[in-house]
Amino acid sequence: MPLTLNQRPASLPPEILDELPAQHPDAVASRRDLRYFNSALGNWSWFRREIGRRMRANERALELGAGTGELGEILQNDGVAWDGIDRAPRPPNWATWARWHQGDIFDFDAWDTYPVVAGNLILHHFNEDQLTQLGAALNRHARLIMIGDLRRGRWQQLSFFVYARWIGANHVSLHDGSLSVRAGFRGQELPEQLGLNRRDWVIELPRGHVSAYRMIATRRS
């Protein structure tokens with residue numbers, strides 16, 4: 001598949017990790033690599049800093065695609081009311097007092113419970129129709145949306161391969177990571193595909209790591 005720069009691909013082949021049993025050696029190795037990638041991108045420290053100063057008292061946050069719970073564990077240890085949704089079962093490290101919704105994001109019907117919605121390396125998995133559907137729910141109920149994802153481009157693709165080789169990434173990580181970069185975002189793509197109108201939202205696209213795409217959307221009063 002040729003690398004797309006001007007627009008996100010309409011669809012991507014399935015990622016290998018999605019098809020592997022959780023305890024398969026390649027799955028374990030790929031999750032290890034993902035922790036390295038998150039550290040290099042600075043995503044967890046970014047969420048910790050921004051959530052700490054933007055969430056209001058008595059608000060609950062919902063993490064989309066919370067996976068194995070590493071980000072949630074960090075924020076829960078900070079005392080953040082941080083819940084998660086994922087198709088996977090509740091991780092063992094998830095705080096006992098925090099909620100875990102096991103299921104498909106697009107079947108979720110309790111958006112009105114969450115004024116704060118966050119996602120880390122998850123939205124690049126969604127096509128434009130899915131982002132539009134998600135955005136419709138967020139437009140109705142969210143006050144604050146925080147997304148940490150991947151930036152798309154040739155430089156980002158090259159940087160990924162160099163870093164992946166340097167850490168000795170598993171072959172699953174090499175395959176899936178390349179697909180993920182191809183599906184990353186540029187410019188205003190994410191808020192536009194979510195349907196976040198600037199009349200209703202203050203949109204920030206802070207720059208960080210060259211391969212990181214970040215969006216903070218705050219509803220106007």
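**Exercise 1. Place helix α4 against the sheet, and describe the surroundings of L75.**

Solution. Begin with helix α4, residues 70-77, which lies across β1 (61-64), β2 (82-86) and β4 and runs at about 165° to β2. The model is a predicted one, and every step below reads from that prediction.

Next, take one residue of this helix: L75 lies in α4. With a relative accessible area of 0%, L75 falls under the 20% limit and therefore counts as buried. Leaving out residues up to four places away in sequence, L75 touches F47, R48, I51, V80 and W82. One of these partners, R48, is 27 residues away from L75 in sequence, yet the two C-alpha atoms are 6.4 Å apart in space.

**Exercise 2. Work out the order of the strands in the sheet, and find its edges.**

Solution. As a first step, list the strands across the sheet: seven of them form an open sheet in the order β3-β2-β1-β4-β5-β7-β6, with mixed pairing. The edge strands are β3 (100-102) and β6 (201-204), each of which pairs on one side only. Neighbouring strands of this sheet are turned by 15° against each other on average, with direction ignored.

The second step is to look at individual pairings, keeping in mind that strands of a sheet pair through backbone hydrogen bonds, either parallel or antiparallel. Strand β4 (residues 116-120) pairs with strand β5 (residues 144-150) in the parallel sense, over five bridges, and the bridge partner of N120 in β5 is G148. By contrast, β6 and strand β7 (residues 212-219) pair in the antiparallel sense over four bridges, and here the bridge partner of I203 in β7 is A217.

The third step follows the side chains along β6, which alternate: W201 and I203 point to one face and are buried, while V202 and E204 point to the other face and are not buried.

**Exercise 3. Classify two aromatic pairs from their ring geometry, and say what they connect.**

Solution. A pair of aromatic rings is described by the distance of the centres and the angle of the planes. The model holds 10 aromatic pairs in total. In the pair formed by W94 and W100, the centres are 4.9 Å apart and the planes make an angle of 75°, an edge-to-face arrangement. Both residues can then be checked for burial: W94 counts as buried at 3% relative accessibility, and W100 counts as buried at 13%.

For the rings of F106 and F126, the centres are 5.1 Å apart and the planes stand at 65°, so this pair is edge-to-face. F106 lies in the loop between β3 and β4, and F126 in the loop between β4 and α5 (128-141), so the pair ties together parts that are 20 residues apart in sequence. F126 is buried, with a relative accessible area of 9%.

**Exercise 4. Determine how helix α6 is arranged against α7 and against α2, and identify the residues in contact.**

Solution. Start with the axes of α6 (residues 154-166) and α7 (residues 171-182), which come within 10 Å and cross at roughly 160°. Angles over 145 degrees count as roughly antiparallel, and α6 and α7 are therefore roughly antiparallel to each other. Their crossing is right-handed. On the α6 side the contact involves Q156, Q157, F160, F161, A164 and R165, which meet S173, L174, G177, S178, V181 and R182 in α7.

Among these residues, S178 of helix α7 is buried, with a relative accessible area of 8%. Once its neighbours within four places in sequence are left aside, S178 is in contact with Q157, F160, F161 and S173.

Turn now to helix α2 (residues 25-41), whose axis comes within 11 Å of the axis of α6 and crosses it at roughly 125°. The two helices α2 and α6 are therefore oblique to each other, and α2 passes α6 in a right-handed crossing. The contact is made by Y36, F37 and A40 of α2 and by F160, Y163 and A164 of α6.

As a last step, gather the aromatic residues of this region: F37, F160, F161, Y163 and W166 form one aromatic cluster. Of these, F37 and F160 also take part in the contact between α2 and α6, while F160 and F161 belong to the residues of α6 that meet α7.

Methods
Residues are numbered from 1 along each chain as its sequence is written. This is a predicted model: local features need pLDDT of at least 70, side-chain atom pairs count only at pLDDT 80 or more; totals for chains, interfaces and linings use all residues. Side-chain values use heavy atoms; hydrogens and water are left out. Two strands pair if DSSP finds at least two bridges between them. Axes are lines fitted to C-alpha atoms, for helices over the stretch in contact, and angles run from 0 to 180 degrees between N-to-C directions. Contact means heavy atoms within 4.5 Å. Rings of Phe, Tyr and Trp (its six-membered ring) pair if their centres lie within 6.5 Å; planes under 30 degrees apart count as stacked, over 60 as edge-to-face and the rest as tilted. Buried means under 20% relative accessible area, exposed over 50%, partly exposed in between (1.4 Å probe, protein chains only). Angles under 35 degrees count as roughly parallel, over 145 as roughly antiparallel, 65 to 115 as roughly perpendicular and the rest as oblique. A crossing is left-handed if the near helix is turned anticlockwise from the far one by less than a right angle, and right-handed if clockwise.
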